[in-house]
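Here is a walk through a structure you may not have met before. Take a moment to turn it around on screen, and then we can go through it piece by piece.

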Amino acid sequence: MLSTRPVEGSAIWSGPARRSSHAGTADARAFIWVHAGELCDDPAELENLPRIRPGLLAAYCHPDATEDDLTLSAKWMAWLFLLDDRIDESDLGRDADLLEEHLRDLQATALGTRTSATRPMSRALEQIIMEASAGMGDVWQVRFRRHVSDYLSACVWQAAHRQAAQIPRSDTFPYWRRAFGAIVPTFDLVERTNGGALPSCVYYSRPYQDLLDAAADLVCWTNDLMTVDKEAAHGDLHNLVLVTAGDRPQDRGAAAAEVSAACERRVRTYTAACRELTALTATLGLAESVQTHADRCAASLRVWVRGHLEWGLRTPRYHPGSARTERD
């Protein structure tokens with residue numbers, strides 16, 4: 001089996017993985033929410049969700065969040081795990097037209113084109129959007145909805161490639177990997193947990209967009225390093241290691257080393273973008289509180305990368321029977 005743990009001493013591991021003390025509460029609240037919303041009636045799903053612990057993931061990625069914001073993040077994670085697994089482990093994930101139709105209600109909910117959701121997963125998504133949007137302003141709300149919609153569309157892109165048995169193109173795969181990994185709307189919640197939406201002049205600036213892309217790639221690519229054996233066994237080619245291996249071609253071990261090296265470069269991009277962002281917010285003459293908020297959001301993206309990596313090494317979702325257990 002390929003060693004999929006990023007190399008010890010790598011910059012990816014810099015800094016301790018802090019964890020919120022509310023992990024157990026977030027898990028419990030998320031599970032109650034799943035049951036109350038009737039989001040799943042499959043015994044296997046009901047058994048699996050507590051094992052992968054969405055609340056623990058939220059606790060590692062948002063260690064300083066309030067208990068309510070941490071619960072919101074855990075609900076979002078639980079919703080994503082349920083939807084992703086239903087797509088990936090059924091015919092939906094290999095039939096783009098079937099999946100497009102299946103996601104139509106969710107798309108309408110995401111974009112706000114339907115006044116009331118009728119299906120359990122759509123009602124749950126509507127609840128998440130409403131809770132996340134509270135106090136965040138219209139601009140952020142529109143952005144979050146659009147990013148959720150983009151995620152759903154990217155799932156259809158993924159299904160189309162599976163259906164055609166096509167390996168994604170390496171030059172476009174990183175963009176689509178961020179999209180179907182749902183990392184973009186997930187990172188929107190970083191602003192919420194840090195106290196509010198960033199002004200557009202900051203969010204859409206080159207440094208902050210570079211930060212978002214670098215952090216998103218690090219989450220997705222380290223995830224791919226951890227899951228490559230599992231996905232290769234299932235014939236799923238939507239993994240950067242497998243895309244890289246098929247691009248030249250080369251063996252999987254060499255491709256994994258190449259992806260690890262790419263992660264190191266993304267850490268350097270992130271670090272440089274942080275400096276550029278601090279300089280930019282000062283140049284723009286923004287209030288000190290806004291500058292501090294921007295720097296805090298930037299730092300939180302790095303915490304997210306490290307936290308996701310720690311959780312990934314502890315969850316049986318990626319390493320059945322071999323993950324470290326964690327008690328609250």
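Let's begin with charge: the chain carries 36 positive and 45 negative side chains, and the centres of those two sets sit 3 Å apart. Keep in mind that what you are looking at is a predicted model.

**The whole chain**

What kinds of secondary structure does the chain have, helices or strands? There are 15 helices and zero strands. So what you see on screen is helices plus whatever links them, with zero strands to look for.

As for overall size, the C-alpha atoms fill a box of roughly 50 × 50 × 40 Å along the principal axes. A compact globule of 328 residues would have a radius of gyration near 20 Å, and the chain comes in at 19 Å, so the two agree. Of the 328 residues, 54% count as buried. The accessible surface adds up to about 14,400 Å², with 52% of that belonging to carbon and sulfur atoms.

Contacts also tell you how the chain folds back on itself. Among contacts with a separation of 6 or more, 74% are between residues 24 or more positions apart.

**A helix to check with a ruler**

Helix α8 covers residues 138-163, and you can test its length yourself. At 1.5 Å a residue, its 26 residues should span 38 Å, and the end C-alpha atoms are indeed 38 Å apart, which agrees. Just after α8 comes Ala-165, which takes a positive phi of about 55 degrees.

**Two loop residues with positive phi**

Ala-165 has company. Glu-38 is not a glycine, yet it has a positive phi of about 55 degrees. You'll find Glu-38 in the loop between α1 (23-36) and α2 (43-52). Is Glu-38 buried or exposed? With 59% relative accessibility, Glu-38 counts as exposed, because the cut-off for that is over 50%.

Ala-182 is not a glycine either, and its phi is positive at about 60 degrees. Its place is in the loop between α9 (173-180) and α10 (183-193). Here the accessibility goes the other way: Ala-182 has a relative accessible area of 1% and is buried.

**Residues inside helices**

Now pick out Leu-211 in helix α12, which runs over residues 206-233. Leu-211 has 0% relative accessibility, so it counts as buried. What does Leu-211 touch, leaving aside its neighbours within four places in sequence? Its contacts are Tyr-270, Ala-273, Cys-274, Leu-277, Ala-298 and Leu-301. In addition, the C-alpha atoms of Leu-211 and Thr-271 are separated by 8.3 Å, though the two residues are 60 apart along the chain.

Lys-75 is worth a look too. This lysine belongs to helix α4 (residues 67-88). Its relative accessible area is 11%, and since buried means under 20%, Lys-75 is buried. Not counting residues up to four places away in sequence, Lys-75 touches Ala-30, Trp-33, Ile-128 and Glu-131.

Helix α15 spans residues 288-314 and holds Val-290. With a relative accessible area of 23%, Val-290 is partly exposed. Glu-310 also has its place in helix α15, but at 7% relative accessibility Glu-310 counts as buried.

Moving to α5 (residues 96-102), we meet Glu-100. This glutamate counts as partly exposed, at 44% relative accessibility.

**Sequence distance and space distance**

How far apart are residues in space, given their places in the sequence? The table puts some pairs side by side, with distances taken between C-alpha atoms.

| Pair | Apart in sequence | Apart in space |
|---|---|---|
| Leu-211 and Thr-271 | 60 residues | 8.3 Å |
| Glu-310 and Arg-19 | 291 residues | 9.9 Å |
| Val-290 and Val-305 | 15 residues | 23 Å |
| Glu-100 and Asp-68 | 32 residues | 33 Å |

Try finding these pairs in the view. Glu-310 and Arg-19 lie 291 residues apart along the chain, with their C-alpha atoms separated by 9.9 Å. Val-290 and Val-305, on the other hand, are 15 residues apart in sequence and 23 Å apart in space.

Conventions:
Residues are numbered from 1 along each chain as its sequence is written. This is a predicted model: local features need pLDDT of at least 70, side-chain atom pairs count only at pLDDT 80 or more; totals for chains, interfaces and linings use all residues. Side-chain values use heavy atoms; hydrogens and water are left out. Helices (H or I, at least four residues) and strands (E, at least two) are DSSP runs, numbered from the N terminus. The expected span of a helix is 1.5 Å times one less than its number of residues. The radius of gyration is taken over C-alpha atoms; the globule rule is 2.2 Å times the number of residues to the power 0.38. Buried means under 20% relative accessible area, exposed over 50%, partly exposed in between (1.4 Å probe, protein chains only). Contact means heavy atoms within 4.5 Å. Accessible areas come from the Shrake-Rupley method with a 1.4 Å probe; for residues, only the protein chains shown count as cover. Lys and Arg count as positive and Asp and Glu as negative; His and the chain ends are not counted. The place of a charge is taken as NZ of Lys, CZ of Arg, CG of Asp or CD of Glu.
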